[in-house]
Each structure stands twice: as structure tokens, then as C-alpha cells.
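Here are some exercises to work through with the model open beside you. Try each task on your own before you read the solution.

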Amino acid sequence: FNLQLWNNYFHLAVAFITQDSLQLENFSHAKYNKIQNKYGDMRRLIGFAIRDMWYKLGQNKICFIPGMVGPILEMTLIPEVELRKATIPIFFDMMLCEYQRTGEFKKFENEIILKLDHEVEGGRGDEHYMQLFESILTECACQYPGIFNLVESFVSLVKGLLEKLLDYRTVMNDESKDNRMSCTVNLL
């Protein structure tokens with residue numbers, strides 16, 4: 001097992017998926033259709049490959065927690081539904097992996113909270129992501145009663161934070177200083 005090689009693979013794949021020239025939703029409808037018809041959505045293909053390779057790591061997954069939390073989060077925030085559905089379960093696997101090793105998943109939790117703030121501030125994330133995140137992680141946790149309550153409270157924490165971050169991002173363009181101040185206080 002070569003940690004650096006795997007690390008390079010994941011970072012390269014996420015960098016490919018998140019490059020501006022592949023963000024099809026930013027293109028005009030005609031350009032979007034032309035690219036979709038000719039090439040398909042390459043982000044989905046690479047995202048599925050990342051997912052598959054993650055699960056092939058076996059006991060070595062722990063070596064990538066918390067280091068890969070940010071890149072995986074960046075990938076899951078891409079507004080492509082199938083990509084999100086395929087890759088959000090990686091978060092549960094990360095939590096489960098850390099939980100089985102240490103009895104908690106604090107490293108994962110701290111890292112995702114830190115990175116989520118940065119990503120939403122950068123314009124990523126939306127209401128649909130928040131709903132998918134909640135439903136997928138809750139569904140995954142149902143199969144593991146021993147960790148279910150921890151996952152449920154983590155999901156609630158992240159959902160609350162994401163709601164506040166999205167509200168904050170929205171009101172930053174608002175003219176009203178009171179609205180901005182209120183939203184800032186809520187976020188803090």
C-alpha cells in the first residue's frame with residue numbers, strides 16, 4: 001500500500017471533477033446540451049470511479065481521515081444529483097471507519113464543519129444538497145443501530161450549520177444591515 005500514490009489519485013480526480021471548464025450548469029442551455037450529447041458528464045464518471053476506489057481501500061481508509069474530507073466534500077457539492085447520491089455515502093463510511101477505530105468520529109466531524117464553512121462561502125451548496133445529505137446519511141445509519149444516534153445528531157448539527165451558512169450567503173447581498181447582522185449573530 002502506497003499512501004502517497006492513493007492520495008495523489010484522489011486529489012487529482014477531485015481536481016479534475018471540480019475544474020471550472022467541467023461545471024456544465026454554468027453554461028448556456030445550448031452549450032450544455034452540445035457537451036452532454038458529445039461527451040456526457042465526465043464529472044459523474046470520475047466521481048463514480050472515486051467512490052469505487054474509496055471502497056477498495058479496505059482497512060487503509062483510516063489513513064485518509066480527515067485529509068480527504070475536504071476534497072470529497074468539494075466533490076459532493078457539485079450540483080449533479082447522481083454524483084451526489086453516489087458520493088455522499090462516502091461520508092458515512094468515513095464516520096463508520098473512524099468510529100470503529102476510536103469509538104467516535106470527532107476528527108471527521110471537525111473537518112467537515114471547517115470545510116463546509118469554506119465551501120459555502122465560496123458559493124457552493126444549496127437546499128437540495130442539505131436534504132440529500134440528511135436523507136442519505138440517515139438511511140446509511142439505519143443499518144448500524146450502535147452509531148445511529150451519533151450520526152443523527154451529527155446530521156442535525158451539519159443541517160443547522162448549512163441552513164445558517166446559506167442564509168448568511170443570501171443576506172450578504174441584502175441592503176439591510178439589520179438582516180445581515182441578525183444572520184451573522186445566528187451563524188455565530
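**Exercise 1. Find which helix holds Glu109, and work out whether Glu109 is buried or exposed.**

Solution. Start with the address: Glu109 sits in helix H7. Helices here are DSSP runs of H or I with at least four residues, strands are E runs of at least two, and both are numbered from the N terminus. Next, check accessibility. Glu109 has 15% relative accessibility, so it counts as buried. (Buried means under 20% relative accessible area, exposed over 50%, and partly exposed in between, with a 1.4 Å probe and protein chains only.) Last, look for partners. Leaving aside neighbours within four places in sequence, Glu109 is in contact with Phe154 and Leu157, where contact means heavy atoms within 4.5 Å.

A word on ground rules: this is a predicted model, where local features need pLDDT of at least 70 and side-chain atom pairs count only at pLDDT 80 or more, while totals for chains, interfaces and linings use all residues. Residues are numbered from 1 along each chain as its sequence is written, and side-chain values use heavy atoms, with hydrogens and water left out.

**Exercise 2. Follow the contact from Glu109 to Phe154, and list what Phe154 touches.**

Solution. Phe154 belongs to helix H9. With a relative accessible area of 2%, Phe154 is buried. Setting aside neighbours within four places in sequence, its contacts are Met95, Phe105, Phe108, Glu109, Ile112, Phe133 and Leu137. For a sense of distance, try Leu83: its C-alpha is 22 Å from that of Phe154, and the two are 71 residues apart along the chain.

**Exercise 3. Which residues have the most contacts inside the largest nonpolar core, and which elements feed it?**

Solution. First, the rule: a nonpolar core is a set of buried Ala, Val, Leu, Ile, Met, Phe, Trp, Tyr and Cys residues joined through side-chain atoms within 4.5 Å. The largest one has 50 residues, and Phe91, Met94, Phe108, Leu137 and Phe154 have the most contacts inside it. Two or more residues come from each of helix H1 (3-18), H3, H4, H6, H7, H8 and H9. H9 gives the largest share, 10 residues.

**Exercise 4. Describe helix H6: its length, its burial and what covers it.**

Solution. Begin with length. H6 (residues 89-102) has 14 residues and reaches 20 Å from first C-alpha to last, close to the expected 20 Å; that expectation is 1.5 Å times one less than the number of residues. Then count: 10 of the 14 residues are buried, so H6 is largely enclosed by the rest of the structure. Among them are Phe91, Met94, Met95 and Cys97. The cover includes helix H3 (42-55), helix H4 (69-76), helix H5 (81-87), helix H7 (106-121), helix H8 (127-141) and helix H9 (145-171). After H6 comes Gly103, with a positive phi near 85 degrees.

For contrast, try helix H2 (residues 29-39), which is hardly covered: of its 11 residues, the buried count is 1. Gly40, just after H2, also has a positive phi, about 75 degrees.

**Exercise 5. Trace how Trp54 and Met94 pair up.**

Solution. Trp54 lies in helix H3 and is buried at 1% relative accessible area. Beyond neighbours within four places in sequence, Trp54 is in contact with Phe10, Lys61, Phe64, Ile65, Ile90, Asp93 and Met94. On the same basis, Met94 is in contact with Trp54, Ile65, Met68, Val69, Ile72 and Phe108. Their C-alpha atoms are 9.8 Å apart, across 40 residues of chain.

**Exercise 6. How many disulfides are there?**

Solution. A disulfide is a pair of cysteine sulfur atoms within 2.5 Å. By that rule the count is 0. Cys97 is in no disulfide, since the nearest cysteine sulfur, that of Cys63, is 8.7 Å away. For Cys140, the closest cysteine sulfur is in Cys142 at 9.0 Å, too far for a bond. Cys97 is buried at 15% relative accessible area, and Cys140 is buried at 18%.

**Exercise 7. How many helices and strands does the chain have?**

Solution. The chain has 10 helices and 0 strands. Of its 188 residues, 41% count as buried.
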